[in-house]
Amino acid sequence: MSSDPWGRVDETGTVYVRTSEGEQVVGSWQAGTPEEALAYFERKYEGLVVEIGLLERRVRTTDLSAKDAQTAIEHLRTQVDEHHAVGDLAALRVRLDKLVSTVDSRREERKVQKAKQADEARTAKDALVTEAEQLAQSDQWRSAGERLRALVDIWKGLPRLDRKSDDELWHRFSHARSAFSKRRKAHFAALDAQREDARKAKEKLVAEAESLSKSTDWGPTAARYRELMDSWKAAGRAQRESEDDLWNRFRGAQDVFFAARGEVFAERDAEQIENLKLKEELAVEAEKLVPVTDLKAARAAFRSLNERWEAIGHVPRDARPKVEGRMHTVERAIQEAEEGEWRRTNPEARARAAGLTGQLQAAVDKLRAQVDAARAAGNNAKADKLARELEGRQALLDQALKGLEEFGG
């Protein structure tokens, strides 16, 4: 008979393993010595140790599913429970029990993780649906369309939810895309119709522009071309292939008319340039009247200059404001001299100015006396306040006296 701490072989070749419940039969060995029998079943035990170690590592380091792990544990537990190995079977059961706890813990962790991922996926898909529904109302056809296509790719990369939730969100998402697509098609269909209307309208504008190109009625025709241009802009754009051709014809007709008008106006401009030189000479003569020293003579001289001015005729339009402005400046100077003369010779205005000056002088004298009295009484605060008021009244008096001087003293 042979034995070791975990098993023995009796004289009949029966192999036993020692457990906490007592000895259990492992098997029968007739092919060799008892030592060989124990060694054989000890190797089977070592095999179980290796398998359990491998399973522990897989559970710890890989994404082995809980179901597969539990199946592997049960398979190993059956081998341990069948007592076909010699060794510390109780230790193996402890390790298997611990593995069960680990798998259960991992199962709960994965359950929580899966729930978290589902929540995150739901939140992400809710956000995609919300954005898609907002984009469905956009008129930025290109950028919104590109963004909706990008949202589809993002959606495909997200985990699926439960079927009901996923289907509901996808239905809203798909509906938003369809609504946008429908609006975009309707928009471009309407745009095509508008462009066709624009083409027809511009065909009529081109026909009229071409009919006017030989006109010599310069003013009304130029005005009509401006109206046609306004109508052209208001008509909108035609299809690209038509727009350029129509514009070239429209612009070409205008060019013919304005080129002919330009030749005529060039002759007129030469005459107007000569007129400008004459008016500039008159402006120089008029400016010599300023400052006005003899109002009557200045008025008569300016009247004579103005009659000669009117007889000269038109000057170039861009030069007109400057040269006319010079004459207006002289005219205003003469008018101001007339107004000054009138004020100096107006007895009522002089009387009003003198009366105001007298009132202000009296007020100043009174305040000055009050300031002196307050100083004498030692009431500097009151004196300072009155002095400030005196300063303001004195300024008004100075202004009134200056105005009175304009009336001759």
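**Note on the packing and internal space of a predicted model**

1. Apart from neighbours within four places in sequence, Ile-73 is in contact with Leu-55, Leu-96, Leu-99, Val-100 and Val-103. The model under review is predicted, and the contacts listed for Ile-73 should be read accordingly.

2. Ile-73 belongs to the largest nonpolar core, which has 26 residues. Ile-73 is among the residues with the most contacts inside this core, together with Val-15, Leu-55, Val-59, Leu-92 and Leu-96. Two or more residues of the core come from each of β3 (14–19), α1 (34–61), α2 and α3. The greatest contribution is that of α1, with eight residues.

3. A second core, separate from the one above, comprises 17 residues. Ala-121, Leu-135, Trp-155 and Ala-176 are included in this second core. As general background, nonpolar side chains in soluble globular proteins tend to be buried together.

4. As to internal space, one cavity of 30 Å³ or more is counted. The volume of the largest cavity is about 50 Å³. Its lining consists of Val-59, Leu-64, Ser-65, Ala-66, Ala-69, Val-103, Arg-106, Arg-107 and Arg-110.

5. Which elements each supply at least two residues of the lining of the largest cavity? They are α2 (66–81) and α3 (89–135). Of the elements, α3 gives the most to this lining, with four residues.

6. By residue class, the lining of the largest cavity divides into five nonpolar, one polar and three charged residues. Val-59 appears in this lining and is also one of the residues with the most contacts inside the largest nonpolar core. Val-103, another lining residue, is in contact with Ile-73.

How values were computed
Residues numbered from 1 in each chain as written. Predicted model: local features only at pLDDT ≥ 70, side-chain atom pairs only at ≥ 80, totals over all residues. Heavy atoms only, no water. 1 Å grid on protein atoms, 1.4 Å probe; cavity = no way out; pocket = protein on both sides within 12 Å on 5 of 7 lines; lining within 4 Å. Points joined across faces, edges and corners; volume = space filled by probe spheres on them. Nonpolar A, V, L, I, M, F, W, Y, C, P; charged D, E, K, R; others polar. Core = buried A, V, L, I, M, F, W, Y, C linked by side-chain atoms within 4.5 Å. Buried < 20%, exposed > 50% of the residue type's maximum accessible area, 1.4 Å probe, protein only. Contact = heavy atoms within 4.5 Å.
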